[in-house]
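This briefing goes through one protein chain by topic. Please keep the sequence and the model in view while reading.

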Amino acid sequence: MTYILNRLRAAGLALSLCAAIFSAPASAQQSTSPLIPTEAGWELTVAPYVYHFSNDPEHKYAWLIGLERHRADNWLWGAAYFSNSFGQDSGTAYVGYMWNNVFNQPALYLKVVAGIMYGYVAPYEDKVPFNHNGWSPMVVPAVGWRLTPADAVQVELLGSAGLMFSYNRRF
């Protein structure tokens, strides 16, 4: 029961963050900085490292590779293949939104994606909330920093489980 309550708290924190961002004034979204992409494009995500908040001896090396389609209006959709924290092959499909020029910093952006994932199966099906036969919903907020118009580094919050660090390349 404690596990479920912790997951719900993490989801609530993520939703609160999203609500705060959605209520930000539209003027904070606009910038003429060359760092901020203004056209649609594809983005490759490579996440070679996940930091776990707990030292569970069952944790394995986790990684992700994904592809996203970014639209000019900051909406995006994507899919990713990953090895979850327990060494199980997993996948996800999602939609999301990106906020650029956060705190008037052209390199700083926030992103949130939501979708469905598959992969947490027995004996680890209870490691993600609302899991049914390996399928579960997911919400992942992220903060990123653009190094160039095409390159960025990003940190994703994985509920109450940990942080994922990624490199993103736009093309």
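How many cavities of 30 Å³ or more does the count come to? In this predicted model the count comes to three such cavities, and the two described below are the largest, with a volume of about 50 Å³, and the second largest, with about 40 Å³ of space. The fold around which the remaining points are arranged is a closed barrel of eight strands in the order 1-2-3-4-5-6-7-8, paired in the antiparallel sense, with a twist that averages 25 degrees from one strand to the next.

**Confidence**

- The chain has a mean pLDDT of 87, and 82% of its residues reach 70 or more.
- Over residues 3-8 the pLDDT stays under 50, and the model has 10 contacts beyond four places in sequence for this stretch.
- Residues 13-29 likewise keep a pLDDT under 50, and here the model has 12 contacts beyond four places in sequence.

**Cavities and their linings**

- The lining of the largest cavity is made up of Pro 37, Thr 38, Glu 39, His 70, Arg 71, Ala 72, Asn 74, Met 98, Asn 100, Arg 146 and Arg 170, and by class these divide into three nonpolar, four polar and four charged residues.
- The second largest cavity is lined by Pro 37, Glu 43, Met 98, Tyr 109, Arg 146, Thr 148, Pro 149, Ala 150, Asp 151, Ala 152 and Arg 170, and its lining has six nonpolar residues, one polar residue and four charged residues.
- Pro 37, Met 98, Arg 146 and Arg 170 appear in the linings of both the largest and the second largest cavity.

**Strands 2, 3 and 4**

- Strand 2 (residues 63-70) pairs with strand 3 (residues 75-83) in the antiparallel sense over eight bridges, and within this pairing Leu 64 has Phe 82 of strand 3 as its bridge partner.
- The hairpin of strand 2 and strand 3 has four residues between the strands, and Asn 74 there takes a positive phi near 80 degrees; Asn 74 is also one of the residues that line the largest cavity.
- Strand 3 is joined to strand 4 (residues 89-99) by nine bridges, and the two run antiparallel; on this side, the bridge partner of Phe 82 is Ser 90 in strand 4.
- Five residues lie between strand 3 and strand 4 in the hairpin that they form, and Gly 87 in its turn has a positive phi of about 75 degrees.

**Loops on either side of strand 5**

- Asn 101 lies in the loop between strand 4 and strand 5, and its phi is near 60 degrees, a positive value in a residue other than glycine.
- Pro 123 lies in the loop between strand 5 (108-118) and strand 6, and a cis peptide bond with an omega of about 5 degrees joins Ala 122 to Pro 123.
- As background to both of these points, most residues other than glycine have a negative phi, and most peptide bonds are trans.

**Strands 5 to 8**

- Strand 5 and strand 6 pair in the antiparallel sense over 11 bridges, and Tyr 109 has Gly 144 in strand 6 as its bridge partner; Tyr 109 is also among the residues that line the second largest cavity.
- Strand 6 (residues 135-146) and strand 7 (residues 151-158) are paired antiparallel over five bridges, and the hairpin that joins them passes through four residues.
- Along this pairing, Val 143 stands opposite Val 155 in strand 7, while Ala 142 stands opposite Glu 156 in strand 7.
- Strand 7 and strand 8 (residues 162-170) run antiparallel and are joined by eight bridges, with Ser 166 in strand 8 as the bridge partner of Gln 154.
- The hairpin formed by strand 7 and strand 8 has three residues between the strands, and Gly 159 in the turn has a positive phi of about 60 degrees.

Terms used:
Residues are numbered from 1 along each chain as its sequence is written. This is a predicted model: local features need pLDDT of at least 70, side-chain atom pairs count only at pLDDT 80 or more; totals for chains, interfaces and linings use all residues. Side-chain values use heavy atoms; hydrogens and water are left out. On a 1 Å grid over the protein atoms alone, a cavity is a set of points where a 1.4 Å probe fits but cannot get out, and a pocket is an open set with protein on both sides within 12 Å along at least five of seven lines; lining residues have an atom within 4 Å of a point. Grid points are joined across faces, edges and corners, and a volume is the space filled by probe spheres set on the points. Ala, Val, Leu, Ile, Met, Phe, Trp, Tyr, Cys and Pro count as nonpolar, Asp, Glu, Lys and Arg as charged, and the others, Gly among them, as polar. Two strands pair if DSSP finds at least two bridges between them. Axes are lines fitted to C-alpha atoms, for helices over the stretch in contact, and angles run from 0 to 180 degrees between N-to-C directions. pLDDT is the predictor's confidence in each residue, from 0 to 100. Contact means heavy atoms within 4.5 Å.
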